[in-house]
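The following report describes the fold of a single chain for a reader who has the sequence and the coordinates at hand. It begins with the sheet and then turns to the helix packed on it, one residue in a loop, and the confidence of the model.

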Amino acid sequence: MRFFLAICLYLFSTAAFAKRLAVLDFTSSSASKDVLNTMAEMVRNTATNTLGESGVQVMDKANMLSLLQDQGKDATCISGQCEIEVGRNIGADFVMTGELAFDEGEWILNISLYETANGSKLQGQS
């Protein structure tokens with residue numbers, strides 16, 4: 001939850017107009033696609049609930065896929081391999097990615113937030 005509070009503070013401080021956040025599908029070498037989809041959707045829901053009243057629009061997966069397909073862009077890139085390019089293509093100001101790992105009997109979710117305008121990584125949280 002601290003990660004989302006930090007995102008809120010950053011987005012509020014830079015909000016001159018409505019911002020769009022895309023939470024891309026998560027990746028993992030250990031978890032199933034179903035688990036990854038569930039985790040990403042949980043983060044989308046939390047972001048929507050946390051940021052919704054601030055005017056930040058959290059893009060849903062169907063919307064992101066539709067925008068990419070309308071542009072003839074490769075939808076496989078939504079899995080985080082080229083996150084900044086995807087964000088720019090779908091009109092997102094910020095992109096969040098996640099990687100789920102299993103280490104020493106414990107699941108670890110690494111989440112990163114990028115700004116698409118300049119391609120910089122703004123935050124990371126495990």
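Two strands are taken to pair if DSSP finds at least two bridges between them. The model read in this way is a predicted one, and its chain has four helices and five strands. From the N terminus on, these elements follow one another as α-β-α-β-α-α-β-β-β.

**The sheet**

The five strands form an open sheet in the order 2-1-3-4-5, and their pairing is mixed. Strand 2 (57-59) and strand 5 (121-125) stand at the edges with a single partner strand each, so one side of each is left without a neighbour in the sheet. From one strand to the next, the twist averages 20°.

The table lists the pairs of neighbouring strands, with the sense of pairing and the number of bridges.

| Strand pair | Sense | Bridges |
|---|---|---|
| Strand 1 and strand 2 | parallel | three bridges |
| Strand 1 and strand 3 | parallel | three bridges |
| Strand 3 and strand 4 | antiparallel | 10 bridges |
| Strand 4 and strand 5 | antiparallel | four bridges |

Individual bridge partners help to place these pairs in the sequence. Between strand 1 and strand 2, which pair in the parallel sense, Arg20 has Gln57 as its bridge partner in strand 2, while Leu21 is matched with Val58 in strand 2. Towards strand 3, with which strand 1 also pairs in the parallel sense, the bridge partner of Ala22 is Val95.

In the antiparallel part, Met96 has its bridge partner in strand 4, namely Leu113, and Ile111 has its partner in strand 5, namely Gln125. Strand 3 and strand 4 form a hairpin with two residues between them, and Glu104 in that turn has a positive phi of about 50°. The hairpin of strand 4 and strand 5 has five residues between the strands, and here Gly119 takes a positive phi near 75°.

**Helix 2 and the sheet**

Strand 1, helix 2 and strand 2 together make a right-handed β-α-β unit. Helix 2 lies across strand 1, strand 2, strand 3 (94-103) and strand 4 (106-115), and it runs at about 160° to strand 1.

**Asp25**

Is Asp25, in the loop that leads from strand 1 (20-23) to helix 2 (33-51), buried or exposed? With a relative accessibility of 4%, Asp25 counts as buried, because the cut-off for that class is under 20% relative accessible area. The side chain of Asp25 also makes a polar contact with the side chain of Arg44, at 3.2 Å.

**The chain as a whole, and its confidence**

Of the 126 residues in the chain, 38% are buried. Among contacts with a separation of 6 or more, 56% are accounted for by residues 24 or more positions apart.

The chain averages a pLDDT of 79, and 75% of the residues score at least 70. Confidence is highest in strand 1, at 90, and lowest in helix 1 (residues 2-14), where the mean is 60. Where pLDDT is low, the predicted coordinates should not be read in detail.

Note on methods:
Residues are numbered from 1 along each chain as its sequence is written. This is a predicted model: local features need pLDDT of at least 70, side-chain atom pairs count only at pLDDT 80 or more; totals for chains, interfaces and linings use all residues. Side-chain values use heavy atoms; hydrogens and water are left out. Buried means under 20% relative accessible area, exposed over 50%, partly exposed in between (1.4 Å probe, protein chains only). A polar contact is a pair of N or O atoms within 3.5 Å; within protein, one must be able to donate a hydrogen and the other to accept it, and residues adjacent in sequence count only if both atoms are side-chain atoms. Axes are lines fitted to C-alpha atoms, for helices over the stretch in contact, and angles run from 0 to 180 degrees between N-to-C directions. Contact means heavy atoms within 4.5 Å. pLDDT is the predictor's confidence in each residue, from 0 to 100. A crossover is right-handed if, with the strands pointing away from the viewer, the path from the first strand over the helix to the second runs clockwise.
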